[in-house]
Amino acid sequence: MPTTPHVSPDEIRKGFSKAMSDMYRDEVPLYGALMALVAETNTQVLASDSSLARQLRRTGEIDRLDRERHGAIRLGTAFELATIGRLFAVMGMQPVGYYDLTPAGVPVHSTAFRAVHERSLQTSPFRVFTSLLRLELIENPELRAFADSALAKRKIFTPGALALIEQAERDGGLNASDADEFIRQALETFRWHHSATVTGQQYQQLSNQHRLIADVVAFKGPHINHLTPRTLDIDQVQAAMPGKGITPKAVIEGPPRRHCPILLRQTSFKALDEPIAFTDAKGSHSARFGEIEQRGVALTPKGRALYDQLLNAARDELGAFPNEANAERYVQLMEQHFQAFPDNHTQMREQGLAYFRYYATEQGLAARGQADQPRTLEALVAAGHMDVEPLVYEDFLPVSAAGIFQSNLGEAAQSHYAANSNQAEFEKALGRQTVDELKLYSETQQRSIDECTRALLG
Ligand code: OOG
Ligand code: NI
């Protein structure tokens with residue numbers, strides 16, 4: 001019997017991202033309002049900033065903008081993390097980067113599942129910030145044992161999803177109808193449940209230990225807790241949010257506003273209080289929130305070191321967590337310190353602070369084969385034979401992520417844990433190593449240089 005061909009994992013991810021967005025919009029109407037606001041703002045920005053529009057057309061980002069979003073989940077066990085890794089692999093997503101949130105008082109460590117090749121990212125840049133609860137950080141031994149047994153009992157994947165993961169691994173992919181069924185089954189893992197698996201009192205005990213612990217342990221599964229669209233002007237959306245009945249957190253996380261955006265800026269609105277049926281009583285729980293992000297150029301290790309240094313200097317000078325009361329001063333300090341970070345692409349490139357993509361120009365192609373044609377990368381750029389565009393940052397930032405967690409978990413989250421970063425333990429749970437994001441950016445940059453050189457010098 002002829003077998004039907006496999007669907008590309010990139011297409012499955014694209015379909016899954018859309019299905020997730022539809023589900024979340026039905027469940028959290030404010031997400032729909034935020035998406036509409038972001039789309040409206042992006043249209044305005046593209047109409048008024050022709051050089052940004054040209055840049056995004058050239059890199060292709062303009063085509064993926066409408067379907068660009070990230071989500072976040074929090075898992076409870078090594079089995080859940082390893083299995084979610086297999087589930088995401090069916091959609092062409094790999095664990096990229098390691099983020100330790102314990103310095104900020106959040107008892108998790110995390111990775112971001114995403115596509116790794118620029119071509120796949122172009123089809124669907126969908127990412128999921130995935131955290132693993134560190135149960136060893138629960139101080140009370142009885143509560144730890146209770147959490148352990150509650151997590152050991154739950155089954156967050158449907159039998160159908162598990163079977164299709166195995167089938168995809170065995171056959172090297174899924175055909176169209178199995179891929180559709182996989183999307184339907186996989187979606188169930190991320191769904192919100194109106195009922196908890198514990199009593200009201202047990203929930204309270206978990207929550208007293210840490211609200212995040214309750215959010216993971218008391219529920220049937222790792223409900224998606226936000227979906228974040230990408231905006232081209234985060235300040236504009238932040239300012240427009242109150243007019244739409246959405247209250248944003250006090251400060252935008254990440255770098256200050258610049259002409260040439262770097263890395264990632266994010267802001268969120270507070271988690272909603274939602275009714276929950278505990279096994280013995282009615283109550284409520286807040287976990288789900290909204291967030292928007294603006295993405296800029298990816299930084300090299302040197303650029304990232306400068307970013308971290310300036311961010312830390314500004315925060316040290318502030319002397320406290322950024323909050324409503326000190327927000328204005330924080331913005332001032334950030335702008336002041338970031339004067340030291342060049343704000344144009346030419347300087348960033350010359351100083352090796354950021355990654356770029358190279359494109360052969362008409363002029364360069366016309367000069368192909370001529371005797372006086374420039375031969376080095378720098379000479380080709382200088383002669384206008386190659387254009388340079390910023391390579392977009394596809395990942396997350398630990399300090400920003402901590403700020404997003406905290407704005408939704410409240411003051412209690414701001415204690416410090418003695419335990420520190422443990423990437424080896426995380427990778428053991430995951431069952432594989434995480435991918436180094438810097439290597440990915442450098443490979444993408446190199447591929448664009450190679451392609452360009454071939455086209456021009458062949
Ligand atoms: C994840 C918080 C971090 C981001 O975009 O950095 C985050 C969570 O709350 O589970 O969303
Ligand atoms: Ni997020």
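Which cavity is the space taken by ligand 1? In this predicted model, ligand 1 takes up the space of the largest cavity. That makes a handy starting point, with the ligand first and the cavities after it.

Around ligand 1 there is a shell of 13 residues, and the closest of them are H70, R74, N225, H226 and Q266. Sorted by class, this shell holds seven nonpolar residues, four polar ones and two charged ones. Some side chains come up to oxygen atoms of the ligand. For R74, an N or O atom of the side chain sits 2.7 Å from an oxygen atom of ligand 1. The side chain of H226 likewise has an N or O atom 2.7 Å from a ligand oxygen. E291 joins in too, with a polar side-chain atom 3.1 Å from an oxygen atom of ligand 1. How much of ligand 1 does the protein bury? On its own, ligand 1 would expose 320 Å², and the protein buries 100% of that area. As for where the shell comes from, the elements giving two or more residues to it are β1 (69-75) and α18 (398-409).

Now for the cavities themselves. Searching the whole structure turns up three cavities of 30 Å³ or more. The largest, where ligand 1 sits, has a volume of about 140 Å³. Its lining is made of 15 residues, and A72, F129, H226, I404 and F405 are the ones nearest the centre. H226 thus turns up again, having already appeared among the residues closest to ligand 1. Which elements build this lining? At least two residues each come from β1, β4 (127-133) and α18, and β1 has the largest share, with four residues. By class, the lining of the largest cavity splits into eight nonpolar, five polar and two charged residues.

The second largest cavity has a volume of about 40 Å³. Lining this cavity are R74, R211, D215, H285, S286, A287, N408 and L409. The elements that supply two or more of these lining residues are α11 (211-217), β8 (282-286) and α18. Taken by class, the lining of the second largest cavity has two nonpolar, three polar and three charged residues.

A couple of names link these places. R74 lines the second largest cavity, and its side chain also has an N or O atom 2.7 Å from an oxygen atom of ligand 1. The helix α18 gives two or more residues to the shell around ligand 1, at least two to the lining of the largest cavity, and two or more to the lining of the second largest cavity.

Definitions and conventions. Residues numbered from 1 in each chain as written. Chains lettered and ligands numbered in written order. Predicted model: local features only at pLDDT ≥ 70, side-chain atom pairs only at ≥ 80, totals over all residues. Heavy atoms only, no water. Near = heavy atom within 4 Å. Polar contact = N/O pair within 3.5 Å; in protein donor to acceptor, adjacent residues only side chain to side chain. Areas by Shrake-Rupley, 256 points an atom, 1.4 Å probe, with all protein chains shown as cover. 1 Å grid on protein atoms, 1.4 Å probe; cavity = no way out; pocket = protein on both sides within 12 Å on 5 of 7 lines; lining within 4 Å. Sits in = over half its atoms within 2 Å of the grid points. Nonpolar A, V, L, I, M, F, W, Y, C, P; charged D, E, K, R; others polar. Points joined across faces, edges and corners; volume = space filled by probe spheres on them.
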